[in-house]
Amino acid sequence: MTLTFYKYQGTGNDFVIIDNREQIISKNDTKLIERLCDRKYGIGADGLMFLEKPTSEGDDFTMVYFNADGKESTMCGNGGRCLVAFAAYKNVIKEKAVFTAIDGKHIARIEDGLVHLQMQDVSKIETLENHLFLDTGSPHHVEEVRDLQNYDVRNNGKLIRNGAPYFTAGTNVNFVEKQEENKFAVRTYERGVEDETLSCGTGVTAVALAMHKTNKTTSEEIAIKTLGGDLKVTFESTDQGYSNIFLIGPAEQVFKGEIQW
């Protein structure tokens with residue numbers, strides 16, 4: 001059978017996207033999903049997404065996200081932004097979207113070529129001895145380091161991702177270095193990919209909130225530099241935590257193709 005797919009990227013975080021509104025692929029076909037994400041034997045991507053029909057009232061579509069290992073995963077911020085851009089390309093939406101992902105309902109808009117994706121509110125940030133831990137739709141370890149450019153993200157990230165207290169479910173690991181008052185550089189090791197990726201949307205969001213929480217910045221509009229490009233996170237800080245959080249950045253179609261499966 002011939003499968004039509006689309007390749008999208010958001011600051012270097014790349015995804016295979018399939019219009020699955022007619023249920024042409026089963027969510028349980030993990031071997032197929034893993035093969036499609038394989039960079040040597042398949043299309044190659046950090047993850048794969050289905051655009052599916054809405055199941056919640058008021059939604060435009062449903063987002064289903066899989067890591068490169070073929071397993072359905074927690075929320076992906078850059079993936080969500082790419083899926084919004086894809087929905088616009090398919091005329092499912094125009095400039096605004098409402099959709100449900102595994103972590104709940106999201107709203108988004110496309111403005112001046114950038115996708116603004118609202119993330120879930122965050123009420124709990126654990127501040128530990130040398131790092132912070134929080135969930136921005138996916139779990140994230142955030143740790144400040146020096147000389148980030150030359151830091152061994154892959155090996156150090158792998159040790160933390162599989163170590164205590166994370167070894168039951170694992171975590172994504174973000175290493176961050178401050179550049180200016182409201183600008184930070186970030187490199188991320190992603191579980192499911194099991195390697196460093198060029199960008200991670202939920203990770204960037206986690207870093208922005210963590211830096212504000214620890215008074216590394218007082219700004220509620222934070223610029224983040226990843227290996228794949230620049231993102232922005234805006235939010236409102238309250239006594240209950242962080243709300244009205246938006247992840248902002250580009251999302252581009254790389255190509256459309258067909259593959260036999």
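**Exercise 1. Glutamate 194**

Between which two strands does the loop that holds glutamate 194 lie? Determine also whether glutamate 194 is buried, partly exposed or exposed.

*Solution.* The structure is a predicted model.

Step 1. Glutamate 194 sits in the loop that runs between strand E12 (183-190) and strand E13 (195-197).

Step 2. The relative accessible area of glutamate 194 is 29%. Partly exposed residues fall between the buried limit, under 20%, and the exposed limit, over 50%. Glutamate 194 is therefore partly exposed.

Step 3. Most residues other than glycine have a negative phi. Glutamate 194, in contrast, has a positive phi, near 60°.

**Exercise 2. Asparagine 215**

State where asparagine 215 is found and what its phi and accessibility are.

*Solution.*

Step 1. The loop between H4 and strand E14 (221-226) contains asparagine 215.

Step 2. Phi of asparagine 215 is near 60°, a positive value in a residue that is not glycine.

Step 3. The relative accessibility of asparagine 215 is 65%. Since exposed means over 50%, asparagine 215 counts as exposed.

**Exercise 3. Cysteines and disulfides**

Find how many disulfides the whole structure has, and explain why cysteine 37 forms no bond with cysteine 76.

*Solution.*

Step 1. The search of the whole structure gives 0 disulfides.

Step 2. A disulfide requires two cysteine sulfur atoms within 2.5 Å. The cysteine sulfur closest to that of cysteine 37 belongs to cysteine 76 and is 11 Å away, so the two are too far apart for a bond.

Step 3. Cysteine 200 is likewise in no disulfide. The nearest cysteine sulfur to cysteine 200 is that of cysteine 76, at 6.5 Å.

Step 4. Accessibility is then assigned with the limit for buried residues, under 20%. Cysteine 37 has a relative accessible area of 3% and is buried. Cysteine 200, at 4% relative accessibility, also counts as buried.

**Exercise 4. The cavity**

Give the number of cavities of 30 Å³ or more, and describe the lining of the largest cavity.

*Solution.*

Step 1. The count is 1 cavity of 30 Å³ or more.

Step 2. The volume of the largest cavity is about 100 Å³. Its lining consists of 16 residues, of which Asn67, Met75, Ser138, Asn172 and Glu190 are the closest to the centre.

Step 3. At least two lining residues come from each of strand E4 (61-67), helix H2 (77-89) and helix H4 (201-213).

Step 4. By character, the lining comprises 10 polar, 4 nonpolar and 2 charged residues.

Definitions and conventions:
Residues numbered from 1 in each chain as written. Predicted model: local features only at pLDDT ≥ 70, side-chain atom pairs only at ≥ 80, totals over all residues. Heavy atoms only, no water. Buried < 20%, exposed > 50% of the residue type's maximum accessible area, 1.4 Å probe, protein only. 1 Å grid on protein atoms, 1.4 Å probe; cavity = no way out; pocket = protein on both sides within 12 Å on 5 of 7 lines; lining within 4 Å. Points joined across faces, edges and corners; volume = space filled by probe spheres on them. Helix = DSSP H or I, 4+ residues; strand = E, 2+ residues; numbered from the N terminus. Nonpolar A, V, L, I, M, F, W, Y, C, P; charged D, E, K, R; others polar.
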